[in-house]
Amino acid sequence: MMKTLIVIPAYNEQDNIVKLVEDVMSYGYDYLVINDCSRDSTKDLLISNDIVHLDLPINLGIAGVTQVGFKYAKDSDYDCVICIDGDGQHLPEYIKDLVGEIEKGNDYVIGSRFVSEKKPVTPRMLGSRLLCLLIRLKTGKKVTDPTSGMRALGKKVVEDFAESMNFYAEPDALCHLLHKGFEVKEVQVTMKEREAGVSYFHNPLKSLYYMLAVSLSIIFVQ
Amino acid sequence: MSSVLRLGLLLASLMVFILILYTVIRKMLNIKYSIVWILWSLLSLLMAVFPESFYKISHLLSIQMPVNTVFLIMTALLYALTFNVYITISKHNKEIVRLTYEISVLRKELDDLKRQNER
């Protein structure tokens, strides 16, 4: 049995976090919530519900938070880390599928929405297609859902990421791993639509900048 | 270059030199980062005092207006300086994540100990 840690970054997630953690716990995995200096009552909820968590003194943003999780996993000698968003869009029922693929010897497993499902034609998915194409041109490997934040990392990748994470987001991190020859696998998952709040990609300027930054990173850096 | 521009450059670089020395002495600027600024202001002061060098450099580079040589050199130096700042920021970013991690782990261990004691 692999020693598996579920890392759950949480920033202002008072409405979701307790239910999500209860859900994750019901599957019996170790988990770690990382409170990224939330301004709502997330911290109080974590303490009053006896939830295992790290409380960051400053707001690091999603990349920094996940790296803190990887550092923790490395120092605590975990074999496998699963990243799940604190907003509840990633369903814990799929964790075992991701862990299963790591156990089979893969280094990096992505929870993809489009392994067996068809990718819809929307502006956002157009961006996803473009990133797939770029990754394919750079590494020769085919991926279906490069922006997915639901991922499982094997020990080698955790150690790599704990030391240095020079990525803009998930797609260029994926490209880096493919380029370095890590075994990457995608498994089909379903994600929940967000219930509250506005997506980062709701703002077209931010989406454009995201695409630009990730594309440049894939082309020149990774 | 016109004499007004020369005088302006001279006065400006003198003021910058004094300002930088002042901030360093008042410890507003870390000595590690002040060296480059002292050199920078000394250089601009030298350039203002001996503008003839610009005429030579302009001639060498086939730049017709010496003032353009001033802009060129200044821009290049600013590029180098800014780039250096970005490198420093990147290093600090990494260090901040490291420190934040250490602090949060210490907080957790302290909390766990406190809870054990309460029992």
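Two residues are in contact here if their C-beta atoms, placed from the backbone, lie within 7 Å. With that in hand, here are the close-ups of this predicted model.

**View 1. Chain A as a whole.** Counting only contacts in chain A with a separation of 6 or more, 73% are between residues 24 or more positions apart. The chain is built from eight helices and seven strands. Its C-alpha atoms fill a box of roughly 50 × 40 × 30 Å along the principal axes. A compact globule of 222 residues would have a radius of gyration near 17 Å, and chain A comes in at 17 Å, so the two agree. As for burial, 45% of the 222 residues of chain A count as buried.

**View 2. Helix α8 of chain A, residues 204–221.** This helix has 18 residues, which at 1.5 Å a residue should span 26 Å; the end C-alpha atoms sit 25 Å apart, in agreement with that. Which residues of α8(A) are buried? They are A:Val214, A:Ser217 and A:Ile218. These three cover an arc of only 95° around the axis, so they end up on the same side of α8(A). An α-helix has 3.6 residues a turn, so residues three or four places apart point the same way. The cover over the buried residues of α8(A) includes α5 (123–139) and α7 (170–179) of chain A. Flip to the face turned away from the buried side and you meet exposed residues: A:Pro204, A:Leu205, A:Leu208, A:Tyr209, A:Leu212, A:Leu216 and A:Phe220.

**View 3. A:Val52, in a loop of chain A.** Look between α2 (42–48) and β3 (53–55) of chain A, and A:Val52 is in the loop there. It has 15 C-beta neighbours inside 10 Å, so it counts as partly exposed. Which residues does A:Val52 touch, leaving aside its neighbours within four places in sequence? The answer is A:Tyr31, A:Leu32 and A:Val33. For a sense of distance, A:His202 is 150 residues from A:Val52 along the chain, and their C-alpha atoms are separated by 32 Å.

**View 4. Two positive phi values, one in each chain.** Most residues other than glycine have a negative phi. A:Asn12 goes the other way: it is not a glycine, yet its phi is positive, at about 50°. You'll find A:Asn12 in the loop between β1 (4–10) and α1 (17–25) of chain A. With 18 C-beta neighbours inside 10 Å, A:Asn12 counts as partly exposed. Over in chain B, B:Lys27 also isn't a glycine and has a positive phi, near 65°. B:Lys27 belongs to the loop between α1 (3–25) and α2 (31–49) of chain B. Is B:Lys27 buried or exposed? It is exposed, because just 9 other C-beta atoms lie within 10 Å and the cut-off for exposed is 12 or fewer.

**View 5. Where chain A meets chain B.** Eleven residues from chain A and eight residues from chain B make up the contact. On the chain A side, β3 and α3 (62–75) each supply at least two residues. The most comes from α3(A), with five residues. Sorted by class, the chain A side has seven nonpolar, two polar and two charged residues.

**View 6. The two domains of chain B.** The domain assignment splits chain B into domain 1 (1–50) and domain 2 (67–119). How far apart are the C-alpha centres of these two domains of chain B? They lie 28 Å apart.

Note on methods. Residues numbered from 1 in each chain as written. Chains lettered and ligands numbered in written order. Predicted model: local features only at pLDDT ≥ 70, side-chain atom pairs only at ≥ 80, totals over all residues. Domains from an automatic or database assignment. Helix = DSSP H or I, 4+ residues; strand = E, 2+ residues; numbered from the N terminus. Expected span 1.5 Å × (residues − 1). Buried ≥ 20, exposed ≤ 12 C-beta atoms within 10 Å, placed from the backbone. Arc of directions from axis to C-beta. Nonpolar A, V, L, I, M, F, W, Y, C, P; charged D, E, K, R; others polar. Rg over C-alpha atoms; globule rule 2.2 N^0.38 Å.
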